[in-house]
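This briefing sets out the fold, the packing and the surface of one protein chain for a reader working from its coordinates. Please consult the sequence and the structure below alongside the points that follow.

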Amino acid sequence: MLTFAKILLMIFSIGLILVVLLQSGKSAGLSGAITGGAEQIMGRKARGFDAVLAKVTAGLAFGFIAITLWVAWMIANA
């Protein structure tokens, strides 16, 4: 069971990396790093493919965290 969980964790890790790399940059340069957070606070929402990628990223991140905790629990109780 531990081997299955580790393989599942690897799949989620690779999937999360790929989905994050597929996302387009929100803004460029140092000014974008400073002002980029304001756009998110003001409610600018992603549209189309970016919205789908954002949802997939959130799902994979949640799954990655859950599986990581599951693997850690299995190792601690082995």
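A residue is called buried when its relative accessible area is under 20%, exposed when that area is over 50%, and partly exposed in between. L18, at 49% relative accessibility, therefore counts as partly exposed. The model is predicted. Its protein chain contains three helices and zero strands, and the points below concentrate on helix 1 and helix 3, beginning with the chain as a whole.

**Overall architecture**

- The order of elements along the sequence of the protein chain is α-α-α.
- The protein chain has 78 residues, of which 19% count as buried.
- Among contacts in the protein chain with a separation of 6 or more, 92% are between residues 24 or more positions apart.
- The area exposed by the protein chain is about 6,000 Å², and 75% of it is supplied by carbon and sulfur atoms.

**Helix 1**

- Helix 1 covers residues 2-22.
- The 21 residues of helix 1 should span 30 Å at 1.5 Å a residue, and this agrees with its end C-alpha atoms, which are 30 Å apart.
- Six names make up the buried set of helix 1: A5, L9, S13, G15, L16 and V19.
- Helix 3 is included in what covers these buried residues of helix 1.
- F4 also belongs to helix 1; because its relative accessibility is 49%, F4 counts as partly exposed.

**Helix 3**

- Helix 3 runs over residues 49-76 and has 28 residues.
- From the first C-alpha of helix 3 to its last, the reach is 40 Å, close to the 40 Å expected at 1.5 Å a residue.
- The buried residues of helix 3 are L53, T57, L60, G63, I67, V71 and M74.
- Cover for these buried residues of helix 3 includes helix 1.
- A58 is likewise located in helix 3; with a relative accessible area of 48%, A58 is partly exposed.

**The largest nonpolar core**

- Which residues make up the largest nonpolar core? The core consists of A5, L9, I67, V71 and M74, five residues in all.
- Helix 1 and helix 3 each contribute at least two residues to this core.
- Helix 3 provides the largest share of this core, with three residues.
- In soluble globular proteins, nonpolar side chains tend to be buried together.
- I67, a residue of helix 3, is buried because its relative accessible area is 8%, below the 20% limit for that class.
- Beyond its neighbours within four places in sequence, I67 is in contact with A5, L8, L9 and F12.
- V71 touches L2, A5, K6 and L9 when residues up to four places away in sequence are not counted.
- A5 and L9 thus appear among the contacts of I67 and among those of V71.

**C-alpha separations between residues distant in sequence**

- F4 and V71 are 67 residues apart along the chain, and their C-alpha atoms are separated by 9.7 Å.
- For M10 and I67, 57 residues apart along the chain, the C-alpha separation is 9.9 Å.
- L16 and A58 are 42 residues apart along the chain, with 9.0 Å between their C-alpha atoms.

**Nonpolar surface**

- Which residues make the nonpolar surface patch of about 310 Å²? The patch is made by M10, I14 and L18.
- L18, one of the patch residues, lies in helix 1.
- Is L18 buried, exposed or partly exposed at 49% relative accessibility? L18 counts as partly exposed, because 49% falls between the two limits.

Key. Residues are numbered from 1 along each chain as its sequence is written. This is a predicted model: local features need pLDDT of at least 70, side-chain atom pairs count only at pLDDT 80 or more; totals for chains, interfaces and linings use all residues. Side-chain values use heavy atoms; hydrogens and water are left out. Helices (H or I, at least four residues) and strands (E, at least two) are DSSP runs, numbered from the N terminus. The expected span of a helix is 1.5 Å times one less than its number of residues. Buried means under 20% relative accessible area, exposed over 50%, partly exposed in between (1.4 Å probe, protein chains only). Contact means heavy atoms within 4.5 Å. A nonpolar core is a set of buried Ala, Val, Leu, Ile, Met, Phe, Trp, Tyr and Cys residues joined through side-chain atoms within 4.5 Å. Patches are made of residues with over 30% relative accessible area and no salt bridge: like charges are joined within 9 Å, nonpolar side chains (Val, Leu, Ile, Met, Phe, Trp, Tyr) within 5 Å. Accessible areas come from the Shrake-Rupley method with a 1.4 Å probe; for residues, only the protein chains shown count as cover. A salt bridge is a side-chain nitrogen of Lys or Arg within 4 Å of a carboxyl oxygen of Asp or Glu.
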